[in-house]
Amino acid sequence: MHVFSFSDRSDVCVILTTLKPLESVSVDTKMSNRAGSFLWNLGQFSTLASTSRTMRLYPLGVCRTKIVYSNWNPRHLLLNNFDNRMQPSLRFLFQDVLIFKSGDDNFQTKGICTVTALTVNRLLCPRRQPSKESSVFGNGLDKVNFYHEASSKGFLTKETKPTPVTCGKLSQECTSLSDVLDTFSKAPAFPSSNYFSAMWTIAKRMSDDQKCFEKQLMFNHPAFTQLCEHMMREAKIMHYDQLLFSLHAIVKLGIPQNTLLVQTLLRVVQERINECDEKCLSVLSTVLEAMEPCKNVDVLRAGLRILVDQRVWKIERVFTLQAVMRSIGKNAPIALKRKLEMKALRELDRFSVLNSQHMFGALAAMDHRSVTLLNECSKVVVGNIHGCPFKVLLSILQCCRGLQYRNSDLFNGIAAYVATTFDIWKLKQVLFLLILFENLAFRHTGLMDLFMKKVVDEPDFLNMKNIVSILHVYSSLNHLHRCQAREFLEVMAGALTGYLHHISSENLLNAVYSFCLMNHFPLASVNQLLQKDMLSELLQSDNKERNVHRLHMLAACLALDGVPCHKATDLVLPSPPPARLHPNAKVAEGLGSLLGKGRFSENVQLPHNYRIDFEIRMDSSRSQVLPLSDVNVVTSTDVQRVAVLCVPRSAYCLDLTHPRGFLAMKMRHLKVMGFHVILTDYFPLFLGRLIIGRWRN
């Protein structure tokens, strides 16, 4: 006998039939009854169900106990072998019973409290029983309790579902990494990526010391290993974006890259890389940027390059484009680099100030210098320089150095901004900028004068490392303020003297060499450097060739500049490396056509390992060039020796004719030797007339 029960809603019905003991009927009767009742019930349902509503039926098993889910998340159900797109429709299938429940969570089944039913040996869709209270006793006609609670009136109340566990909720409720792991150990929820993402979110709010301490506690936590195991099991079934976010969090949390967890996630990311959309592309690029090279990382980066090459024109966000540019690597194919460059040029009109600032880093990361793109971004940076953070300015200058990009307008804009707001900057920050400017051969007199004045006024700022760096910057750029030069040099020499017993031999050599370039010789430092133990240590170091060159330059300064110091009587230095010859065929051809053969000499070697490109001898009235055949002309007082130096642009400060440190010292020493020095570029037009014009003027 069949009994129908209808609820107030037209799309829900419950169909019940009487149950017969299995022993009282034959096998054929059983099978016939099962098939007939199933088809009859299905027909009744098709007539009662609304045609406008589609209901999905999911077999959950015979006499299944009630399962309370800690988080109604489709991806959560995957851990229990459910379909990841399962809707909240429920179906219980007995031998002769069908119970349908619609997708509306407000529906209540009427008249059911506790169901007693016959057990069946095989479930239609077996599932793991999560509840410890649910059990099946013996075989045959045992009872299964569904543990449905009902009111005294016989109504089944709706189960209240707990709030899902999300990354945002965890990061708000937990204050440490251990708190997140404690939450996981109490009730693990899918996906495990939420826990790693929450821990990284919390770690970002901590100081460096606290972060280090919390990471150590995380590694020692008993639930950490279990969380890693869950993460590896879920990697192939969780959404691809969550997989990438979890890998990013794991890398940022400092979990070693050679662990099974990281390598497993890398392999899964490789296998599912075709699931990448633009958001995933951005996250994957960020992850690869933060990882060290290894076999799986290299394979994944190669796959990313192929993917980017196919989808570069479909990228819509500038941020994603720059993330990709940073991650493809310096050894990426040049065709791919140019394609990304063209894409960036097309998006120039959409660049924000932040995009323009980050473009320097993106191009430097893939080692591609796009002058057009850099020039346009430089204009935006200079136009919005006010309020620019120090880290951004530092990063831009570092990228310019790596790309060998020289833009005097950009450098002037940054230096002028720092000079205008000098009081708000720390001296250490300004020194970092000056070091980068020196690497770029850029000399901003206003900023360097301000820094010199600050050093003279506040000498307590100086320490051993700062002293060597400041001396290097000012000597390399050959910058000394006319009014404060002597005072500045004395302050620096006095500060260096205070560290003579603590400074290393190489740092002392670097400092004294910088003083030599600026034509200043602190006797205490020079004498300390010339001690036998110091010299022996310098000649046995890994930088022996450089140290020998600088010691010879020091010896030249002591001989030519007339410095009164106690020289080591047994000072024996190895022979300096031979000076490099740079043939100047076009320069020689120009001089030969103008002066005639035999009127100049090439590659003249001088004492103290100096070499000049060309030497010309002229009379004192500057009217004629003398031939080189007269051997006594060198000692004559009526002869002026002219040294022509063909120097590259790198010997000058950027966009200036101001010589840098070593060239300035060489010019000073050549004048001491009796030469008149003329500087010229490698390939100027009308070179001979230029030389004679400079000499006569």
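Me: Contact means heavy atoms within 4.5 Å of each other; with that in mind, which helices do the buried residues of H11 pack against?

Reply: The buried residues of H11 pack against helix H9 (278-290), helix H10 (295-311), helix H12 (334-346) and H13. This is a predicted model, in which local features need pLDDT of at least 70 and side-chain atom pairs count only at pLDDT 80 or more, while totals for chains, interfaces and linings use all residues. Residues are numbered from 1 along each chain as its sequence is written, and side-chain values use heavy atoms, with hydrogens and water left out.

Me: What makes H11 a helix that is mostly covered?

Reply: A helix here is a DSSP run of H or I with at least four residues, a strand is a run of E with at least two, and both are numbered from the N terminus. H11 covers residues 318-327, and 9 of its 10 residues are buried; among them are Val-318, Gln-322 and Arg-326. After H11 comes Gly-329, which has a positive phi near 95 degrees.

Me: Why is Leu-321 called buried?

Reply: Buried means under 20% relative accessible area, exposed means over 50%, and partly exposed lies in between, with a 1.4 Å probe and protein chains only. Leu-321 has a relative accessible area of 1%, so it is buried. Leaving aside residues up to four places away in sequence, Leu-321 touches Ile-315, Leu-340, Lys-343 and Ala-344.

Me: How do you know whether Ser-370 is buried or exposed?

Reply: Its relative accessibility is 1%, and therefore Ser-370 counts as buried. Ser-370 is found in the loop between helix H13 (353-365) and helix H14 (371-383), where it touches Glu-341 and Leu-363, again not counting residues up to four places away in sequence.

Me: How do you know at what angle H19 and H20 pack?

Reply: Two packed helices are described by the angle between their axes and the distance between the axes. Axes are lines fitted to C-alpha atoms, for helices over the stretch in contact, and angles run from 0 to 180 degrees between N-to-C directions. For helix H19 (residues 464-476) and helix H20 (residues 485-497), the angle is about 145 degrees, and the axes are 10 Å apart.

Me: What makes up the contact of H19 with H20, by class?

Reply: Ile-467, Ile-470, Leu-471 and Tyr-474 in H19 meet Phe-488, Met-492, Ala-495 and Leu-496 in H20. Ala, Val, Leu, Ile, Met, Phe, Trp, Tyr, Cys and Pro count as nonpolar, Asp, Glu, Lys and Arg as charged, and the others, Gly among them, as polar. By class, this contact has 8 nonpolar, no polar and no charged residues.

Definitions and conventions:
Contact = heavy atoms within 4.5 Å.
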